[in-house]
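Hi there,

Here is the structure I promised to pass on. Have a look at it first, and my notes follow below.

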Amino acid sequence: MVPPAFSSPPLIFAKAFPFHLAFRRRETEIIHLGDVLARICPELSLGSSLKEHFRIERPKIPVEFDVIREKSDSMFLIEYLHSKILLKGQMVPAENPEIIFFLGSPWIEDLADLTPLGLTINDFALHDRVVDLLLLLQGKKTALADAKKLTDKLTKQRAQLRSALQEAEQAANAMAQTQQLKKTLQELQQTQAQLIQSAKMSSLGELVAGVAHEINNPINFIVGNLDYASDRIQELLQLIKLYQKYNPDPAPEIEAYADEIELDFLDEDLPKLCSSMRVGGDRIHNIVLSLRNFSRLDEAEMKFVDIHEGLDSTLLILQHRLKANNGRSEIEVIKEYGHLPLIECYPGQLNQVFVNLLGNAVDALESQKQEGGQIRIRTELLPADDRARVLISDNGPGFSKEVGDRMFDPFFTTKPVGQGTGLGLSISYQIIVLKHQGLIRPVGVPGEGAEFCIEIPLKQKIMAGGL
């Protein structure tokens, strides 16, 4: 058997396979750990020996590098000695003959087994960071192409304006014209930045919808056949039991083959395997549904929608940023959804506002890396029953009144150079106020957090123009 070659660095495996570990020949030394495995098995440490922490239950072999490599085509069941957690998976030899990867997951019977292990379904999901990287690379490529066209056009316009501005400044009686030209130049700069931002969101939304559609077809086929496959497996197992009951003394060849394939283990493992596949299939199905809700490409016009779905979809898109990382604990999201009717709006653009506000809240909490970071989302129907209110708050560093007064100005940002464009809140203001005849109001107290209040009518009376 030729061992597979891996071109991706081990750190990528640590993100893509949360229960992964890698060890090398010398003393079976552990050299890499998956994020979730490191969390639920705190005794594990880089540099320690695999023998100190695990026993191989199946196949019955010692924890020796060469023996494991020789049996790498088998399905492994290993026991974590410190807490009796069972991990099932594959020992995969790397291109480097001195290294072996273990790619597996906890061996569970149903979802109830996750809680004692300190796990949730999210720990088994495909990592959002990988998906986000693919989406942002494609979005960046499309947006840069659009930006180049806009920049070329703007460069010509700027050259014309500068020429006219120089001529106007030479005449003392042309002051009013000069001021107007300066204002026009500033507006052109703002328009260019807003068009680039809109192009990025458009290309991202189109890519998200396309990826969701391509994933949805095969996953529906897989999930749709899981119940049928599970029933057929149970029937085959029952047939084997009947053969064993009425033919208690099979031929030696049959007994030998039953031992070779570990028939008793298969009888126990196959139902669990189907259950695990169901958990993964349902998780991917929910992710695809949220991606489609987030993109909303088929809803470019005003529509009546449940904005709670938009908030939940946005939280899923930002899920990877809410998890603990870089010395910061996990950010807790508290949802206090009120009873709201369907609201007439541009769903895709409203989702863009939620991305901007929730992303800024995460940035604020990351800037101080405090323990107990929280984001609270509250929705309610105003007393007049004609407007909905969305409140998004955090317990981060807050901001001063001076910052609040300039917050919606184009290009204004308090983030370090290279980390913020100053366009997110400016575009959010245009979407809420100009497109939906609503209001958006920031409230911040230094050291006590920030809150954004959004109010939009339940039904639009006047259709506004596009951005």
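Why are Arg232 and Glu235 separated by about one helical turn? The reason is that they are three residues apart in helix α6. Their side chains meet in a salt bridge (2.5 Å would be the Arg55 case below; here the N to O distance is 2.6 Å). By salt bridge I mean a side-chain nitrogen of Lys or Arg within 4 Å of a carboxyl oxygen of Asp or Glu. Arg232 has a relative accessible area of 28% and Glu235 one of 44%, so both count as partly exposed; buried means under 20%, exposed over 50%, and partly exposed in between (1.4 Å probe, protein chains only).

Before the rest, some ground rules. This is a predicted model, where local features need pLDDT of at least 70, side-chain atom pairs count only at pLDDT 80 or more, and totals for chains, interfaces and linings use all residues. Residues are numbered from 1 along each chain as its sequence is written, and side-chain values use heavy atoms, with hydrogens and water left out.

On confidence, the chain has a mean pLDDT (the predictor's confidence in each residue, from 0 to 100) of 78, and 77% of its residues reach 70 or more. Please treat two stretches separately: pLDDT stays under 50 over residues 125–140 and again over residues 463–467.

Back to the charged pairs: the count comes to 22 salt bridges. One of them joins the side chains of Arg55 and Glu79. That pair links distant parts of the chain, with Arg55 in strand β3 and Glu79 in strand β4, 24 residues apart. Helices (H or I, at least four residues) and strands (E, at least two) are DSSP runs, numbered from the N terminus. Arg55 is partly exposed at 37% relative accessibility, whereas Glu79 is buried at 10%.

Asp363 also forms a salt bridge, with Arg321, the closest N and O atoms being 2.4 Å apart. Here Asp363 sits in helix α11 and Arg321 in helix α10, 42 residues apart. Salt bridges that share partners also join Arg378, Glu380, Arg387, Arg389 and Glu455 into one network.

Finally, the hairpin: strands β12 (residues 439–445) and β13 (residues 449–457) pair in the antiparallel sense over seven bridges, where pairing requires at least two DSSP bridges between the strands. Val443 stands opposite Glu451 in β13. Three residues lie between the strands, and Gly447 takes a positive phi near 85 degrees.

Happy modelling!

Notes
Contact means heavy atoms within 4.5 Å.
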